[in-house]
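Here are a few short exercises to work through with the model open beside you. Try each task before you read its solution.

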Amino acid sequence: MRYIIILFISILLPSSLLAGGGWPQPKGKGFFKLNQSFLRAQSFYSLDGSLVDITTTTVYISSIYGEYGFTDRFTGILYAPLFVRSTINDRKSTINDVVEPGDAFDGIGDFQLGLKYGILTEGPVALSASLILGLPFGDNVGGDTELLQTGDGEFNQLLKLEASHSFYPKPIYATLSVGYNNRGDATFAYSAGEEDVSFSDEFHWGGEIGWTPSDKWLIALKWAQVASMNNGGNTGNTGASSIFGNNASYFAISPEVNYQFAGQWGVSASLGTAVSGENILAGPNIGFGIYWNLD
């Protein structure tokens, strides 16, 4: 099965052990992370939610993520996948002959640029609103098969509310978020001609529970659900390596461990997977990163 949708779960690490979520960055402070992730799958969730075997597909993403406090209420957000590589393995027969050759394609991905506003910033409960723009810098048609992509080619706008609560003096916090992603149109330019695609909007909700056993460790469990509104048009080539696929729905969980080893520097590791879904890969997304706090 060539026409599959790749789930890319970006992990947004807090700028300190009790930051992120509903908490904006303080003025002049920030957080920056270099992350490497890869997703490898041999099956995917079909449109009815059942699992279907596929040719092994892998997506590698090298990215940077940053937050910076312009004021105590306004925080700038940037997610930049600077290098995305998508591959499909050779499909072989039972006698190990190549029936269909594999493919590979790489390039820059779709950026996200956003602004967060702190509505409530005092007390144990924080509430913020964000507008995040999806900038179509990647390619939605690539490789010899023209089935590989590093982006979707559409401009989208995600409006999101986040509420966070600190259980201080207990070293625990919790975050809930809800959002609506308004997706646009895109043109897929194949060698045989062009196809215009209208992407479906999405409803987002998720959460996070974090435990800080010391000032160096943060252990978190994150979950996210995306539900397609199915209000778009044809699906187009949102196939073998789409980062943001059309008409995809899923529920994903991602445990994460962070360790601040020296002053403002730290490392992180995460493992995300879609435990259910429709039109989306069923495979783990493993991430490793190094981050720097601007205090």
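**Exercise 1.** In which loop is the place of Pro169?

Solution. Pro169 sits in the loop between strand E9 (156-166) and strand E10 (172-182). Strands (E, at least two residues) are DSSP runs, numbered from the N terminus. Now look at the bond that leads into Pro169: the peptide bond from Tyr168 to Pro169 is cis, with omega near 15°. For background, most peptide bonds are trans.

A word on the source: this is a predicted model, where local features need pLDDT of at least 70, side-chain atom pairs count only at pLDDT 80 or more, and totals for chains, interfaces and linings use all residues. Residues are numbered from 1 along each chain as its sequence is written, and side-chain values use heavy atoms, with hydrogens and water left out.

**Exercise 2.** Find Glu146 and Asn230, and describe phi and exposure for each.

Solution. Start with Glu146, in the loop between strand E8 (125-135) and E9. Its phi is near 60°, a positive value in a residue other than glycine. Glu146 has a relative accessible area of 23%, so it is partly exposed (between buried, under 20%, and exposed, over 50%; 1.4 Å probe, protein chains only).

Next, Asn230 lies in the loop between strand E14 (217-228) and strand E15 (249-262). Phi of Asn230 is near 50°, again positive. Asn230 is exposed, at 54% relative accessibility.

**Exercise 3.** Trace the pairing of E8 with E7 and E9.

Solution. Strands pair if DSSP finds at least two bridges between them. Nine bridges join E7 (residues 111-120) to E8, antiparallel, and Lys116 is partnered with Ser130 in E8. On the other pairing, 10 bridges link E8 and E9, also antiparallel; here Ala126 partners Ser164 in E9.

Notes
Helix = DSSP H or I, 4+ residues; strand = E, 2+ residues; numbered from the N terminus.
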